[in-house]
Amino acid sequence: MSENRTFLEIIAPDVDEAVAQALFELGVEQDEVDVEVLDSGDAQEGRQARVRVSIRLVEPQPDDPTLLAARKTLQTLLEKMLVRARINASWGEAADPEESRPLILDIQGDDLGMLIGHKGETLAALQYIVRLIVSKQLDQLVNVVVDVEGYKVRREHQLRQLARRLAEQAVQRGRTISLEPMPANERRVIHLALRDHPDVVTESVGNGQLRKVTVIPKNKK
């Protein structure tokens with residue numbers, strides 16, 4: 001199967017040929033897909049057929065009831081949003097000894113940028129809703145982390161690199177450096193990245209959507 005592809009739209013002279021081409025490109029059998037005929041075509045009018053072939057999303061069911069509840073909750077929300085995608089559910093490692101292990105739900109599929117949104121705000125909102133529903137269902141706080149094809153992992157890596165670079169600049173210049181406003185989860189990454197830095201401290205300043213992190217040299221000029 002082509003990597004990360006869960007559906008294809010194919011145009012061909014007739015429906016059968018379009019379906020056959022889609023099955024070949026997806027690398028699956030007929031009984032593994034749903035076929036939607038978008039246009040049956042008309043040879044006399046010179047119009048070709050167009051079909052949408054989607055792989056049926058059948059995931060192995062985890063034995064862990066928390067994993068199962070979290071994935072089912074997210075799957076239901078995605079279906080209501082008309083988003084077809086796979087969800088990989090797994091337990092991660094806690095970033096801090098005082099935190100609980102995160103339950104990671106990684107969404108995979110095509111055209112999922114809408115789930116991330118501007119600066120990850122849509123993804124953060126989706127995570128908040130899933131965490132709220134799952135925690136209520138299980139009557140315990142569950143640290144659910146919703147990601148889209150590893151977006152948060154990549155973003156956190158970028159933020160940590162940015163934090164270290166700005167810390168060096170703050171020390172060299174001997175003055176406070178401010179980052180651009182960012183959501184709470186990203187500010188937290190910056191704070192944690194520089195928590196044990198020997199030469200700088202960090203503070204969050206501002207309110208609401210303008211709240212941002214400042215990097216302050218300990219030997220400020």
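**Strand β3, E149 and a helix pair**

Colleague: Is strand β3 largely enclosed or open, and how many of its seven residues are buried?

Modeller: In this predicted model, local features need pLDDT of at least 70, side-chain atom pairs count only at pLDDT 80 or more, and totals for chains, interfaces and linings use all residues. Residues are numbered from 1 along each chain as its sequence is written, and side-chain values use heavy atoms, with hydrogens and water left out. Strand β3 (residues 49-55; strands are DSSP runs of E, at least two residues, and helices runs of H or I, at least four, numbered from the N terminus) is largely enclosed by the rest of the structure, because the number of its seven residues that are buried (under 20% relative accessible area, 1.4 Å probe, protein chains only) is five.

Colleague: Which residue of β3 is the bridge partner of V37?

Modeller: Strand β2 (residues 33-39) runs antiparallel to β3 and is joined to it by six bridges, where pairing requires at least two DSSP bridges. Strand β1 (residues 7-12) is likewise antiparallel to β3, with six bridges, and its I10 is partnered by V51. For V37, the bridge partner in β3 is V51.

Colleague: Is E149 buried, partly exposed or exposed?

Modeller: E149 sits in the loop between β6 (144-148) and α5 (151-173). Its C-alpha atom is separated by 10.0 Å from that of G113, 36 residues away along the chain. Since its relative accessibility is 29%, and the class between 20% and 50% is the intermediate one, E149 counts as partly exposed.
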